[in-house]
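Colleague: I have a structure open and I'm not sure how to read it. Could you take me through it, one feature at a time?

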Amino acid sequence: MNCRGAQRALNLRHDGQLMAADGEALGAHLAICPDCQTFAVRMEQVGSQLREEPVPEGPTPEAAWASVQRAIRLAEDGAARRPAWDVGPWLRWASAAALILVVAGGGLLWHGGVAPRETAAGPLALHATQVLRVTTGLEGASTMVYEDEAAGWMVVWVIPAEGGNHAQM
Amino acid sequence: MDQDVMRWVQRAQGGDEAAFGELMKHYQGRVYGLAYGMVRNTADAEELTQQAWVRAWQKLGTFKHDAQFFTWIYRIASNLCLDHLRRRQRRPEDPLNEALEPPTFAELPPSPSATVAPDEALRQREVRDAFDRALATLKPEHALALRLREVDGLSYEEIAHATGSRVGTVMSRLFYARKKLIEQMRSDT
């Protein structure tokens with residue numbers, strides 16, 4: 001067993017997952033390797049440091065539950081007050097996609113049928129996992145859609161390629 | 001206690017808010033501890049813990065009884081903490097972002113160092129600070145796995161469930177987290 005293998009074995013031994021046969025090989029390596037002996041000691045120290053880390057006292061369970069109840073009410077009231085036209089995220093996404101298609105089609109007409117191409121990443125990826133980049137007919141332009149989590153708005157950006165202003169819808 | 005938890009979950013899934021309250025009070029300390037350990041800021045930890053419980057209430061119908069409730073709520077809280085840390089990394093210049101600052105002494109509970117000699121307390125404080133600096137260099141996913149293993153005592157399988165990862169990924173994260181901490185502390189001292 002070399003040092004790299006010994007360190008991996010120490011990691012498993014620390015978690016009680018090391019097989020007996022590997023334990024023997026590890027023991028033989030540790031007997032002749034001061035570096036891995038030190039590594040073993042420090043691994044134990046890392047665990048104890050984490051476990052002894054002081055955690056500031058949080059709210060009492062009763063106070064926390066009262067806050068959660070208020071937040072649940074707020075969330076439910078917000079959902080109940082949602083206007084009739086605001087029919088949920090799926091239709092909002094679908095509407096946004098339809099809007100993009102219209103923009104893309106308009107762009108194609110405007111530029112006399114320029115072939116669409118993949119666009120560069122937009123600059124305003126507030127929620128990376130929710131960003132949808134699409135192809136537009138505006139040559140070099142990029143279109144970006146995201147849902148503003150705080151405001152609940154669907155935001156569509158069309159960004160011209162050559163230093164033009166951002167258009168927000 | 002597991003029986004109580006199962007009963008609370010079943011009642012809460014039927015719409016019993018009081019039963020959900022019992023669940024929340026039972027696990028509140030652990031979820032808050034996880035959040036604080038990740039974001040290192042009491043106000044953010046409280047906010048994230050609250051968000052986790054609101055989301056749990058909203059998604060309770062999706063909880064399946066083949067999993068343990070605490071790994072399920074840990075998963076919700078972990079995801080919120082990781083999202084929070086990613087947002088914080090994207091705007092480190094935010095003047096309101098005080099989360100990287102260590103807590104003040106007033107925020108911390110009495111530690112063993114409060115009962116030892118001043119020079120020993122200082123030494124312990126230096127070791128603690130070096131450890132905190134090393135901890136801050138870990139990838140959030142690695143720090144999370146390490147915390148779930150060392151502090152919460154979760155098994156590899158439970159960590160995998162709580163983080164939505166494979167067991168092999170958990171083992172790898174634990175190894176690299178520990179290795180990096182050891183190397184960082186060696187270079188820091």
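Modeller: Sure, let's begin with confidence and then go through the folds, the contact and some single residues.

Colleague: What should I know before trusting any of it?

Modeller: Start with where the coordinates come from: this is a predicted model. For the complex, the predictor gives an ipTM of 0.73 and a pTM of 0.66.

Colleague: And what is the mean pLDDT of chain A?

Modeller: The mean for chain A is 72, with 53% of its residues at 70 or more. Within chain A, α1(A) has the highest confidence, at 91, while strand β4 (residues 167-168) has the lowest, at a mean of 48. Go carefully over residues 113-130 of chain A, where the pLDDT is below 50; the model still gives this stretch 29 contacts beyond near neighbours in sequence. Residues 163-169 of chain A are also below 50, and that stretch has six such contacts.

Colleague: Which elements of chain B have the lowest and the highest mean pLDDT?

Modeller: Helix α5 (residues 118-136) of chain B has the lowest, 81, and α6(B) the highest, 93. Chain B averages 83 overall, and 85% of its residues score at least 70.

Colleague: How many helices and strands are there in chain A?

Modeller: Five helices and four strands. Follow chain A from the N terminus and you meet α-α-α-α-α-β-β-β-β. Chain B has eight helices and zero strands, so to speak a plain run of α-α-α-α-α-α-α-α.

Colleague: How do I judge how much of each chain is tucked away?

Modeller: Look at the share of buried residues. Chain A has 169 residues, and 17% of them are buried. Chain B has 189, and 36% of those count as buried. You can also ask how far apart in sequence the contacting residues are. Taking contacts between residues at least 6 apart, 39% in chain A join residues at least 24 apart. In chain B, 64% of the contacts with a separation of 6 or more are between residues 24 or more positions apart.

Colleague: Where do the two chains meet, and how many residues does each give to the contact?

Modeller: Chain A gives 26 residues and chain B gives 31. On the chain A side, α1 (3-14), α3 (34-51) and α4 (61-80) each supply at least two residues. Sorted by class, that side has 15 nonpolar, six polar and five charged residues.

Colleague: What about a nonpolar core?

Modeller: The general idea is that in soluble globular proteins, nonpolar side chains tend to be buried together. Here the largest nonpolar core has 60 residues, and Ala35(B), Ala52(B), Ile73(B) and Ala77(B) touch the most other members. Helix α2 (residues 17-39) of chain B gives the most to this core, eleven residues. Try clicking on Ala35(B): setting aside neighbours within four places in sequence, its contacts are Ala45(B), Leu48(B), Thr49(B), Ala77(B) and Cys81(B).

Colleague: How do I read burial along a helix?

Modeller: An α-helix has 3.6 residues a turn, so residues three or four places apart point the same way. Now take helix α7 (residues 156-163) of chain B, where Tyr156(B), Ile159(B), Ala160(B), Ala162(B) and Thr163(B) are buried. Seen down the axis of α7(B), these buried residues fall within an arc of 170°, so they line one face of the helix.

Colleague: Why is helix α6 of chain B described as largely enclosed?

Modeller: Because nine of the eleven residues of α6 (residues 140-150) are buried. Among them are His142(B), Leu144(B), Arg147(B) and Glu150(B).

Colleague: And backbone angles, what should catch my eye there?

Modeller: Most residues other than glycine have a negative phi. Arg40(B) has a positive one, near 60°. You'll find Arg40(B) in the loop between α2 and α3 (42-59) of chain B. Just after α7(B), Gly164(B) has a positive phi too, about 65°.

Colleague: Is Arg40(B) buried or exposed?

Modeller: Buried, because 20 other C-beta atoms lie within 10 Å. Asp44(B), in helix α3 of chain B, also counts as buried because of its 20 C-beta neighbours inside 10 Å. Asp44(B) and His84(B) are 40 residues apart in sequence, yet 8.9 Å apart in space from C-alpha to C-alpha.

Definitions and conventions: Residues numbered from 1 in each chain as written. Chains lettered and ligands numbered in written order. Predicted model: local features only at pLDDT ≥ 70, side-chain atom pairs only at ≥ 80, totals over all residues. Contact = placed C-beta atoms within 7 Å. Nonpolar A, V, L, I, M, F, W, Y, C, P; charged D, E, K, R; others polar. Buried ≥ 20, exposed ≤ 12 C-beta atoms within 10 Å, placed from the backbone. Core = buried A, V, L, I, M, F, W, Y, C linked by C-beta atoms within 7 Å. pLDDT = per-residue confidence, 0-100. Arc of directions from axis to C-beta.
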